[in-house]
Every structure is written in C-alpha cells, then in structure tokens.
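Student: I'd like to learn how to read domains, pockets and cavities off a model. Can we work through one together?

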Amino acid sequence: MKQLSNRQILLGVTGGIAAYKSAELIRRLKDAGADVRVVMTQAAQEFITPLTLQALSGNPVHTTLLDPEAEAGMGHIELARWADLILVAPASANFIARLASGRGDDLLTTLCLASDAPIALAPAMNQAMWRDSATQANIAVLKSRQAHLFGPAAGEQACGDVGPGRMLEAEDIARRAADLFQSRDLDGVSVVITAGPTREAIDPVRYISNHSSGKMGYALAQAAADAGARVTLISGPTNLPCPARVSRVDVISAEDMLAASLNTLGKCDVFIACAAVADYRPVAVAEHKIKKAAEQMQIALVRNPDIVSTVASHPRRPFTVGFAAETRDLEHYARDKMTRKGLDMIIANDVSDNRIGFNADQNQVVVFWPEGRQAFAEMAKSQLARQLMALVAQHYPHARAAAQPSS
Ligand code: PMT
C-alpha cells in the first residue's frame, strides 16, 4: 500500500553535508507515492546540484524567489498552496533560526510563511550547534507553532564529533512524513462519500451535467481513509485516480447514485454527500442521436430523486452530512437545506467565485450544524478535507451516543 499516494510534498533542501541524503529521500518519498517538488537554498547548491534533484523528482527545482521564468510556471504562491506538507531536510541551524524569526528573505522561508501546509524539519548540524541555547530556543519557538521535528539522530558526525545533530535516514524521514497524514479519529467507522457530477442522458451521445471535478469528494475520501475509516466513494464520471485504501463505486446518473447509496445503508455510519447531483433529468432518453431540425427545441425534464434526503430519512440512517453550493445568502440557504433534507451537518460552499469550489484546487467553506457553525479559511482541498473530517469525527460520536436507546 502506498502511504503517500496523491500527497504533494514540497521538499526544502538547505546547506549542509547531509544534503546528499536528500537525493535518497526523494526516491523514498516517490516510492511511497508522493509527488515531490524541490526548493533549494543558495547554500544547498554548494553541496548538491539542482540537476540531480530535478532528475530524481521529475520536476523542475526551484531556487530563487524573484525569478520571472519560474513565476511564469508554478509561482511561489501557487507552490505554497500546492503543498500538502513542507518537509525541510536537511534543516540547517541557520535555516531554523531564519524560520523561527519569521523571515521571508529567500524562496524557502517565504513558502513556509505563505503556506497553510504543516511544516516538518529534519535538522542536521554539528552537535555543539544543535545543543547551543540559541538553536534550542529557536526549536522551542517552531514547536510552539506546530512545526514537526524529525530527529536529529545522535552518532558520529561528518566533522568527526560524536553527538546529536545527524539527519535521520531517508527511510525514517519518509515514514514519519507518511505518519503525519494518519490519524485514528475514525478508526473502524464506515464512511460513504458521494463525489463528482452526475450525467443525465438526452440521447446516446449527449447529456446534462455540471462542472464538478470530484476533487473535493476525492480529497474527503482520502482524508477519511487516513483517519482510519473504511471508505466507499460513490463517484460520478471524473478523471481522478481512486484514493489509496478507498473502495470506489462508479456511477453515471443520479438514479445510479441513489441505488449505490441505498446499497450501503445498514453498513454505513457516516454519509457525506459532496456530489453535484443533477436536480433534473430528461423525461425520456432518445433511442438514437437527435437530428438537428427546427430553430428551437425543448427538452422536457423531470425531478431527480434527492439522494441525501432519502438517506437521511431512512430507518437505518447514518450520521448524514450534506453540502450546499450557493452563490448568495450562504448561511440562510445552507441552514434551510439542512432542515429540509433532515441533515446532521451541512458544508456551505460559496461557488460565486470560480477560484474556489467547482473544478478548483482550493476551497473555502462554512460548516453549520443545529447548534453551531465553524468557518474555514481558503486552502487546498486536501487540507480542507482533513480539517472537515476531524470536525465530522468530533460530532459523530455525540450523534451516535444520542441515538443509543437508554437502558
Ligand atoms: O467536485 P469539485 O470540482 O471539487 O467541486 C466541489 C463541489 C463544489 C461540487 C462541492 O464542494 C459541493 O458544493 N457539492 C455540492 C454541490 C451541490 O449540488 O449542491 P446543492 O446545493 O445543489 O445540493 C445540496 C446537497 O444535496 C448536496 O449535498 C448534494 O449532494 C445533495 N443532492 C442534491 C440533489 C440531489 N438530487 N440529490 C442530492 O443528494
């Protein structure tokens, strides 16, 4: 099982003799399924060439902040948003000090400031530098800001000293990076997620659909699997690979999606309806391709079944979470949908701005439940999905306890 499948890791390489181990680290991260992009500081390039790391990562290596050519490709803000994790290995004493003081004086420190992704550091330095009170104070600051520390290991050092400060081995760093994506919040819980669009056939070659790419629903499926859930992803047509440790059921139309959803009831604890289901379908599907004739034509439509409300009103109902894609009056329409559809929770998605929501890599939502709300800042769908699954995991045990008959 590839533990880093679909993970986007930005590997920062700073100046130190351990930079040669970054080459091996890229291989280990890629073996685990990660997509790796490398950012090197000026000093790192004294120890290993960008070309080596480019060849191993399969992506161009980023080295400078103010490079018009690089900005024309993946610019620094885009790179900051792209990352699911920023892993700095080796992290030198100088880099740690610059990060702790909040500087943005090169590409790597700027990316750390500009990204919402978690930051992990694998320190590598001389044992006296590691033990120095200034370095220890900087480490304390970074830990207080939730940075993850991988190592350092103790042992013989390149300079001949013996003590703490050696960078961990590549294999160990890759395993710790994978562990960061796992939580046990939903251990043993069965989660069903609908994702993507539905297609409602008009004739054998045409259909009614929408712009959903499936990215949000697939990210939720990955996050649920990482939290220990058994995940079934009921997916409309998308171009996305199935997330690791997720079982996918492919469907086309709303009616197919309803049938697949009903099939999971009884063995589903949490149902999350992220799919953009067509509200209507043609009354009849033409047997043959419709020929062009009159100037105007009309297609009679009929309402599709409402999948999430059918699930929520079922005698074996799971904890049911819906989405509300709205272009105005977000809270009003979302709360109204939550009540009408009998949901436990609703994730309101402002889709008026095409930078977020449909077919975008970023999203920004507000979650409502009967007694509360929580707003989430704009971030990558993968990060948002992890935060949303953590919120669902907090609410699900209470819902389950409330549903138990008292003895
Ligand atoms: O797929 P992406 O490109 O990543 O985009 C993500 C998204 C914008 C599609 C997603 O975040 C989102 O907002 N999904 C819900 C889209 C939608 O159709 O919303 P709605 O407000 O029309 O529907 C409300 C809820 O009812 C949704 O949970 C929907 O899945 C459900 N529904 C709607 C109609 C229907 N016939 N059956 C349903 O179950």
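Student: Into which domains is the chain divided?

Tutor: Keep in mind that this is a predicted model. The chain splits into domain 1 (2-179) and domain 2 (190-403). Their C-alpha centres lie 37 Å apart.

Student: How do I read the interface, and what area do domain 1 and domain 2 bury between them?

Tutor: The general idea first: people often give an interface's size as the accessible area lost when the parts come together. In this case domain 1 and domain 2 bury about 850 Å² between them, with 29% of it on carbon and sulfur atoms. On the domain 1 side, Asn 6, Arg 7 and Arg 81 supply 52% of the area buried against domain 2, more than any other three residues. Counting contacts instead, 10 residues of domain 1 touch 14 residues of domain 2.

Student: How many salt bridges does the rule find across that interface?

Tutor: Just one turns up between domain 1 and domain 2. As for Arg 7, its side chain meets that of Asp 226 in a salt bridge, at 1.8 Å from N to O.

Student: On to empty space. What volume does the largest pocket have?

Tutor: In general, you roll a probe the size of a water molecule over the atoms to see where empty space is left. Here the largest pocket comes out at about 880 Å³. It has 41 lining residues, and the closest to its centre are Ala 275, Ala 276, Val 277, Phe 323 and Ala 325. β16 (319-326) gives the largest share of that lining, four residues. By class, the lining has 19 nonpolar, 14 polar and eight charged residues.

Student: And which residues lie nearest the centre of the second largest pocket?

Tutor: Those are Asn 6, Gln 8, Lys 215, Asp 361 and Ser 382, out of 24 lining residues. This pocket has a volume of about 660 Å³, and its lining draws at least three residues from each of domain 1 and domain 2. α10 gives the largest share, five residues. The classes here are 10 nonpolar, five polar and nine charged.

Student: What about closed space: how many cavities of 30 Å³ or more does the search find?

Tutor: One, in a search of the whole structure, with a volume of about 30 Å³. Its lining includes His 62, Met 74 and Leu 107. α3 (68-72) and α4 (76-82) each supply at least two lining residues. By class, you get four nonpolar, four polar and one charged.

Terms used
Residues are numbered from 1 along each chain as its sequence is written. This is a predicted model: local features need pLDDT of at least 70, side-chain atom pairs count only at pLDDT 80 or more; totals for chains, interfaces and linings use all residues. Side-chain values use heavy atoms; hydrogens and water are left out. On a 1 Å grid over the protein atoms alone, a cavity is a set of points where a 1.4 Å probe fits but cannot get out, and a pocket is an open set with protein on both sides within 12 Å along at least five of seven lines; lining residues have an atom within 4 Å of a point. Grid points are joined across faces, edges and corners, and a volume is the space filled by probe spheres set on the points. Ala, Val, Leu, Ile, Met, Phe, Trp, Tyr, Cys and Pro count as nonpolar, Asp, Glu, Lys and Arg as charged, and the others, Gly among them, as polar. Domain bounds come from an automatic or database domain assignment. Contact means heavy atoms within 4.5 Å. Buried area is the accessible area (1.4 Å probe) that two parts lose on being put together, summed over both. A salt bridge is a side-chain nitrogen of Lys or Arg within 4 Å of a carboxyl oxygen of Asp or Glu.
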